[in-house]
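Good morning, and thank you for the time. I would ask you to keep the sequence and the structure in view while I speak.

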Amino acid sequence: MTDTTKHLLLVEDEAPLRQAVAHQLIDRGYRVEQADSGERAMALLAEFAFDVIVSDLRLPGMDGASLVQAAVDRYPEIIAIVITGYGTVKDAVDAIKRGAWDFVNKPFQIDELLHVLESAIEQRRLKSENAYLRAQLDQRYRFDGIVGKSRPMARLLQLVETIAGTNSTILITGETGTGKEVVARSIHHNSPRRMNRFVALNCSAIPETLLEAELFGHVRGAFTGASGNRQGRLEQAHKGTLFLDEVGTMSAALQMKLLRVLQEREFERVGDSNTIKVDVRVIAATNSDLTKLVAEGEFREDLFYRLNVIPVPLPPLRERKDDIPLLVRHLLDKLTAADDGAVGHAARADITVTQEAMRRLMAYNWPGNVRQLENAIERAVAFGAGRSQIDVGDLPPEIQEAKEPALSAAVSSGVLLPEDGMNLDMFIAGIERDLIQRSLERTGGNKGKAARLLNLKRTTLVEKLKRLSPPE
Ligand SMILES: Nc1ncnc2c1ncn2[C@@H]1O[C@H](COP(=O)(O)OP(=O)(O)OP(=O)(O)O)[C@@H](O)[C@H]1O
Ligand SMILES: [Mg+2]
């Protein structure tokens, strides 16, 4: 069963009008909270995750347009409708620029408001549905922003596609920067829960004392500073997905409480005795080895099994180096999009990477994985300052120095053909030059010995050296 009840915040300072509208909305199946000022509305926004806000534009104190902007900033998915007075179309337009979906003019019939509301909700639904369909039609090797078509990634995408439709708890593991959050989001956006929220909570980013309240919410006076009631992330994720990042850092007490949520799907707000039931799908992620933490007694074994229903291990980038050219292209495109209309730069979509720079990128072992690659590319584009090619000199020093371990290793991992083709002669020449260089290094510059190492005549080596030496 899907719960389609919309939680609506109604902001209007004229009490009789507000109450009349609220009653009618409740009759039509909305769950309604009322506020008589922008300030009161802000307090309620901190407390609940609303689906819809309907606000008068003229309010005492904080005005409706600023309120709408604050609400949309906080919940980008919220639908905001404003109520305008006679002859204030300009204000309505301003509110729309600040994030409102639509407006109704005062005085209005309730049916008019309901019509605007229903069509906004329907359009929002279609919009998410279209985004979903578009994502499905996207290039085969892409699953909502997960780039990669190497063997390990193909396997991962297949797994993600299979499990997205289920309600099972998922544990994503992987080194830092391997894309744990990207994968979690994509699972949500490809699941039947995509119409509801994806709520992320990074367990290591919040002090232990606040984490519990953040997760479960609290009631007024539950602890010093708890000035009002507040919904926790669990409640906000109702019908949607809760992403618990860095779950390995949770305290023993909190682990216990989380276990109960996973077993019973119920909990209490901090300082409250009322039990709240939720329907959430939990996706947890960690870059620590939970089995080791379990063995060391740092992590509850029963919780580990509850979380690890479907394990999704993400491969480190060094184990899928043939994805690097594709990722580089994707990251360059992403930079272009972020930089649309910038002056002084050649269209970034045209930026390419030289063969040699790509070789270094593929030789490096990427301890920081895709995030590190992303940073390197962004830096290279900045260093390139408008040039249309990224070269070795634009890369961070440690990557400039990266060398392919050995030809045999390079060949056994498969020499790949970049998407936009390559210059075979240059590539082979590069390999020759590299090996001759290495054999000279090993023999202390003795050309005779170096030639023997490569099973060449000395004269051949000398001749190759002349031909291959890079133009200084
Ligand atoms: N397969 C991928 N395709 C495209 N972009 C990716 C991919 N994997 C990671 N990224 C990008 O790399 C960056 C890091 O990804 P993300 O934040 O998901 O990693 P993480 O595993 O959660 O890292 P951490 O453990 O440090 O939190 C993001 O900007 C993300 O967009
Ligand atoms: Mg992360």
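What distance should the 19 residues of helix 18 span, at 1.5 Å a residue? The expected value is 27 Å, and the end C-alpha atoms of helix 18, which covers residues 424-442, are 27 Å apart, so expectation and model agree. I should say at once that this is a predicted model.

Let me stay with helix 18 for a moment. Its buried residues are F427, G430, I431, I436, S439 and L440. At the start of the helix, a side-chain oxygen of N423 comes to within 3.1 Å of the backbone nitrogen of D425. Just after the helix, G444 adopts a positive phi of about 60°.

Helix 10, residues 252-264, passes the corresponding check. Its 13 residues should span 18 Å at 1.5 Å a residue, and the end C-alpha atoms are indeed 18 Å apart. Which residues of helix 10 are buried? They are L254, Q255, L258, L259, V261 and L262. Viewed down the axis of helix 10, these buried residues fall within an arc of 160°, and therefore they line one face of the helix. The general background is that an α-helix has 3.6 residues a turn, so residues three or four places apart point the same way. On the other side of helix 10, A252 and A253 are exposed.

I turn now to the ligand. Which of the 20 residues around ligand 1 come nearest? They are V147, T176, K180, R371 and E374. Three polar pairs can be described in detail. An N or O atom in the side chain of R371 is 2.7 Å from an oxygen atom of ligand 1. For V147, a backbone N or O atom lies 2.8 Å from a nitrogen atom of the ligand. For G179, a backbone N or O atom lies 3.1 Å from an oxygen atom of the ligand. Taken alone, ligand 1 exposes 630 Å², of which the protein buries 87%.

As to composition, the shell around ligand 1 divides into six nonpolar, seven polar and seven charged residues. Helix 7 (180-189), helix 13 (324-338) and helix 15 (369-384) each contribute at least two residues to that shell.

Helix 7 also leads to a further contact. S191 sits in the loop between helix 7 and strand 7 (198-202). Is S191 buried or exposed? With a relative accessible area of 1%, S191 is buried. Its side chain reaches the backbone oxygen of H188 at 2.9 Å.

Finally, some backbone geometry. Most residues other than glycine have a negative phi, and most peptide bonds are trans. Against that background, a cis peptide bond joins K106 and P107, with omega about -5°. P107 is found in the loop between strand 5 (102-105) and helix 5 (110-137).

Two residues that are not glycine have a positive phi: K239, near 75°, and N455, about 60°. K239 is placed in the loop between helix 9 (233-236) and strand 10 (241-245), whereas N455 lies in the loop between helix 19 (447-453) and helix 20 (458-468). What is the relative accessibility of K239? It is 14%, and K239 therefore counts as buried, the cut-off being under 20%. N455, by contrast, is exposed, with a relative accessible area of 72%.

That concludes my presentation.

Technical notes
Residues numbered from 1 in each chain as written. Chains lettered and ligands numbered in written order. Predicted model: local features only at pLDDT ≥ 70, side-chain atom pairs only at ≥ 80, totals over all residues. Heavy atoms only, no water. Near = heavy atom within 4 Å. Polar contact = N/O pair within 3.5 Å; in protein donor to acceptor, adjacent residues only side chain to side chain. Areas by Shrake-Rupley, 256 points an atom, 1.4 Å probe, with all protein chains shown as cover. Helix = DSSP H or I, 4+ residues; strand = E, 2+ residues; numbered from the N terminus. Nonpolar A, V, L, I, M, F, W, Y, C, P; charged D, E, K, R; others polar. Expected span 1.5 Å × (residues − 1). Buried < 20%, exposed > 50% of the residue type's maximum accessible area, 1.4 Å probe, protein only. Arc of directions from axis to C-beta.
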